[in-house]
Amino acid sequence: MFGFDSYVAVGDSFTEGLNDELPDGSFRGFADRLAEILAGGRSDFRYANTALRGKMLAEIVDEQIPLALEFKPDLVTLCAGGNDIVVPGVDVDAVAARFEEAVVALRAAGITVAVYTGPDTKVMSVMNRLRGKVAIYNAHVRAIADRHGAHVVDLWSMDALHDLRAWSDDRLHFTPDGHRRIALRTAEVLGVPTSQDWREPWPAEPEPTWISLRRSDLEWTRTHLLPWIRRHLRGESLGDGLTPKRPRLDPLRPSDGGLVESQPTP
């Protein structure tokens with residue numbers, strides 16, 4: 001309907017869909033929602049999602065990009081490198097160079113590619129210290145897209161993501177409404193019409209108090225930061241022992257998810 005008959009989503013936990021949880025405990029996410037928009041109800045639209053939580057860029061390039069090239073879809077969304085740049089001392093320029101390899105390979109195969117900048121973490125206590133590294137990586141992503149004719153979905157500039165309600169408690173992944181808005185934004189970048197606007201204002205609510213924010217910081221440190229540090233020191237990943245949720249390019253059935261443009265929860 002909109003020039004795309006097949007779509008492969010490549011990446012890490014963001015593309016897998018954490019924390020946009022379905023009733024059965026699996027995750028939906030922006031990519032599943034985007035696939036539903038692109039399918040437009042067609043039974044012949046095909047979709048694969050090879051993304052897996054915890055994947056580093058090298059793993060994505062070595063494991064998922066060859067699959068995407070084998071599938072030869074009309075569209076690939078690629079968001080990767082976030083797990084790399086949060087590691088202390090990482091060379092952001094080197095990460096970007098590896099990212100460019102993936103874009104070059106996909107574009108050389110004639111595949112339409114959409115890439116994502118990292119979101120602005122200014123409103124996120126503690127996580128806002130990563131803004132500088134994220135901004136540098138984003139500059140690389142935009143330049144790479146410009147050089148190779150890829151579409152850019154600029155999460156950094158999405159004002160709707162500057163609200164804490166777009167973020168889940170772990171401060172790394174988005175809420176269901178955050179994923180919904182990102183799917184709508186991606187469709188807009190690709191020139192695909194939708195019936196909703198990702199810019200829709202959030203409902204008014206009281207500002208959090210200083211005490212509530214500090215309590216949130218302590219809880220986040222205990223529940224999310226310290227376990228991440230322990231996993232990193234042990235060389236472990238959240239994705240260890242797991243497999244992608246849609247490893248094959250199969251038709252998108254109506255039972256695969258709800259309507260992408262269901263209204264957000266206030």
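This is a short tutorial dialogue on reading a predicted model, from its sheet to its helices and a few single residues.

Q: Let's start with the sheet. How many strands does it have, and in what order?
A: A handy general idea first: in a regular strand the side chains alternate between the two faces of the sheet. Here the sheet is open and has 6 strands, ordered E5-E4-E3-E1-E2-E6, and the pairing is mixed. At the edges sit E5 (151-153) and E6 (246-251), each of which pairs on one side only. From one strand to the next, the twist averages 15°.

Q: Which strand pairs are parallel or antiparallel around E2?
A: You get one of each. E2 and E6 are antiparallel, with 3 bridges, while E1 and E2 run parallel, joined by 4 bridges. To find the register, look at the partners: Asn49 has Arg246 in E6 as its bridge partner. Arg46 is a nice residue to click on, since Arg46 stands opposite Pro251 in E6, and Ser6 stands opposite Arg46 in E2.

Q: Which helices pack on the sheet, and what do they touch?
A: Take H2 (29-39) and H3 (57-71). H2 touches E1, E2, E3 and E4, and its direction makes about 170° with that of E1. H3 touches E1, E2, E3 and E6, with its direction at about 175° to that of E1.

Q: How do I read the packing of H3 with H5?
A: In general, two packed helices are described by the angle between their axes and the distance between the axes. For H3 and H5 (92-108), the angle is about 0° and the axes are 10 Å apart. Angles under 35 degrees count as roughly parallel, so H3 and H5 are roughly parallel to each other.

Q: Which residues meet there, and what classes do they belong to?
A: It helps to recall that an α-helix has 3.6 residues a turn, so residues three or four places apart point the same way. From H3 come Leu57, Ala58, Val61, Asp62, Ile65, Ala68 and Leu69, and they meet Val95, Arg98, Phe99, Ala102, Ala105 and Leu106 of H5. By class, that contact has 11 nonpolar, no polar and 2 charged residues.

Q: Back to H2. How many of its residues are buried?
A: H2 is mostly covered, with 11 of its 11 residues buried. Among them are Phe30, Asp32, Arg33, Glu36 and Leu38. The buried residues of H2 pack against E1, H1, E2, E3, E4 and H7 (176-189). After H2 comes Gly40, which has a positive phi, near 55°.

Q: Is Arg42 buried or exposed?
A: The cut-off for buried is under 20% relative accessible area. Arg42 comes in at 16%, so Arg42 counts as buried. You'll find Arg42 in the loop between H2 and E2 (46-49). Its side chain makes a polar contact with the side chain of Asp5, at 2.7 Å.

Q: And where is Leu18, and what does it contact?
A: Leu18 is in the loop between H1 (13-16) and H2. With a relative accessible area of 6%, Leu18 is buried. Skipping neighbours within four places in sequence, Leu18 is in contact with Ser13, Phe27, Arg53, His173, Phe174 and His179. For a sequence-versus-space check, try Leu52: Leu18 and Leu52 are 34 residues apart in sequence, and their C-alpha atoms are 9.8 Å apart in space.

Technical notes: Residues numbered from 1 in each chain as written. Predicted model: local features only at pLDDT ≥ 70, side-chain atom pairs only at ≥ 80, totals over all residues. Heavy atoms only, no water. Helix = DSSP H or I, 4+ residues; strand = E, 2+ residues; numbered from the N terminus. Buried < 20%, exposed > 50% of the residue type's maximum accessible area, 1.4 Å probe, protein only. Contact = heavy atoms within 4.5 Å. Polar contact = N/O pair within 3.5 Å; in protein donor to acceptor, adjacent residues only side chain to side chain. Pairing = 2+ DSSP bridges. Axes fitted to C-alpha atoms, helices over the stretch in contact; angles between N-to-C directions. Parallel < 35°, antiparallel > 145°, perpendicular 65-115°, else oblique. Nonpolar A, V, L, I, M, F, W, Y, C, P; charged D, E, K, R; others polar.
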